[in-house]
Amino acid sequence: MRLLLVDDEVGLAETIRDGLRTEGFTTDLEFNGVDGLWAATESPNGAYDAIVLDIMLPGLSGYEVCRQLRQRDVWTPVLMLTAKDGDHDEADGLDLGADDYLTKPFSFVVLVARLRALIRRGAPQRPVVLSAGDLRLDPARRRVTRGDDEISVTPREFALLEFMMRNAGDVLTKTAIIENVWDAAFDGDPNIIEVYVGYIRKKIDHPYGRSAIRTVRGAGYRMDPDGG
């Protein structure tokens, strides 16, 4: 799942981003309202699952960013994350189109839970549980099962498997995987994808004599919609 975080407190924003990454979210950062609005509407890395938006931002306030998003028919779920904790501040944010409101200081566990709830509510076209044959992935409960067996995966493995299952049947290039599971700024060895695909295969395929993740030579990887 891809998030956009817009907050001018650089240290805090980077800490939140790092925490979200450990939970399987790919998170892009912007530090002012103008760049945040552009990223949410025009960036090639757009199509975010949710936006975390501070209110007091340089350039454009979070209120104005949210208002313009809704005016442009961008309905990505927005969570306002701010030090402004008055009832009127919260009401203003919700009236302008925000979907949730969390005040600083906040519980990171609560932030993650609210984001997952927003993504489920804000994207009703996405199934609550993803499936490919008897392979099932539950984003809300962070569970992967093959038939009756529950499979333990790391956060990164979960994020990669979720991306593949959301795009089952499509050939996914290494570039697409890096941008959606790692991030667009990743400058490491792209062969890391092969390593993680291998990890996942050892868990969801090899013990069951299946081949859900197919290598498409010279192109990338494809998740079999039937689960292999």
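Leaving aside residues up to four places away in sequence, which residues does Leu 94 touch? I will come back to that. This is a predicted model, and I will go through it piece by piece.

First, the overall picture. The protein has 228 residues, and 46% of them count as buried. Its secondary structure comes to eight helices and twelve strands. If we take contacts between residues at least 6 apart in sequence, 57% of them join residues at least 24 apart.

Now the sheets. As a reminder, strands of a sheet pair through backbone hydrogen bonds, either parallel or antiparallel. One open sheet here has five strands, in the order β2-β1-β3-β4-β5, and its pairing is parallel. β2 and β5 are the edge strands, each pairing on one side only. On average, neighbouring strands in this sheet are turned by 20° against each other, if direction is ignored.

Look at one pair in that sheet. Strand β1, residues 2–6, pairs with β2 in the parallel sense over five bridges. Leu 4 has Asp 28 in β2 as its bridge partner. Helix α2, residues 33–41, packs on this sheet and touches β1, β2 and β3. The direction of α2 makes about 165° with that of β1. Helix α3, residues 62–71, also packs on the sheet, touching β3 and β4. For α3, the angle is about 175° with the direction of β4.

Next, one residue from helix α1. Arg 17 is located in α1, which covers residues 10–22. Is Arg 17 buried or exposed? Its relative accessibility is 19%, so Arg 17 counts as buried. Apart from neighbours within four places in sequence, Arg 17 is in contact with Leu 5, Thr 27 and Leu 29.

Back to the opening question. Leu 94 is in helix α4, residues 87–95. Not counting residues up to four places away in sequence, Leu 94 touches Asp 99 and Asp 100. Leu 94 is partly exposed, because its relative accessible area is 36%. Cys 66 is 28 residues from Leu 94 along the chain, and their C-alpha atoms are separated by 9.5 Å.

A little further on there is a cis peptide bond. It joins Lys 104 and Pro 105, with omega about -10°. Pro 105 lies in the loop between β5, residues 100–103, and α5, residues 108–122.

Then come three strands to take in turn. Strands β6, residues 130–132, and β7, residues 135–138, run antiparallel and are joined by three bridges. Ser 131 has Arg 136 in β7 as its bridge partner. The hairpin of β6 and β7 has two residues between the strands, and in it Gly 133 takes a positive phi near 65°. β7 also pairs with strand β8, residues 143–146, in the antiparallel sense over four bridges. There, Asp 138 is matched with its bridge partner Arg 143 in β8.

Now the sheet of three strands. This open sheet has the order β10-β12-β11, and its pairing is antiparallel. The edge strands are β10, residues 171–172, and β11, residues 213–216, each pairing on one side only. Between β10 and β12, residues 220–223, there are two bridges in the antiparallel sense. Leu 172 stands opposite Tyr 221 in β12. Helix α6, residues 155–166, packs on this sheet and touches β10, β11 and β12. The direction of α6 makes about 70° with that of β12.

α6 also packs against a helix. Two packed helices are described by the angle between their axes and the distance between the axes. For α6 and α8, the angle is about 85° and the axes are 10 Å apart. α6 is therefore roughly perpendicular to α8. The residues of this contact divide into eight nonpolar, no polar and three charged. Among them are Leu 160, Leu 161 and Met 164 in α6, and Val 197 and Ile 200 in α8.

Last, helix α7. Which residues of α7, residues 174–181, are buried? They are Ile 177, Ile 178 and Val 181. Seen down the axis of α7, the buried residues fall within an arc of 100°, so they line one face of the helix. An α-helix has 3.6 residues a turn, so residues three or four places apart point the same way. The buried residues of α7 pack against β2, α6, β10, α8 and β12.

Methods: Residues numbered from 1 in each chain as written. Predicted model: local features only at pLDDT ≥ 70, side-chain atom pairs only at ≥ 80, totals over all residues. Heavy atoms only, no water. Pairing = 2+ DSSP bridges. Contact = heavy atoms within 4.5 Å. Axes fitted to C-alpha atoms, helices over the stretch in contact; angles between N-to-C directions. Buried < 20%, exposed > 50% of the residue type's maximum accessible area, 1.4 Å probe, protein only. Arc of directions from axis to C-beta. Parallel < 35°, antiparallel > 145°, perpendicular 65-115°, else oblique. Nonpolar A, V, L, I, M, F, W, Y, C, P; charged D, E, K, R; others polar.
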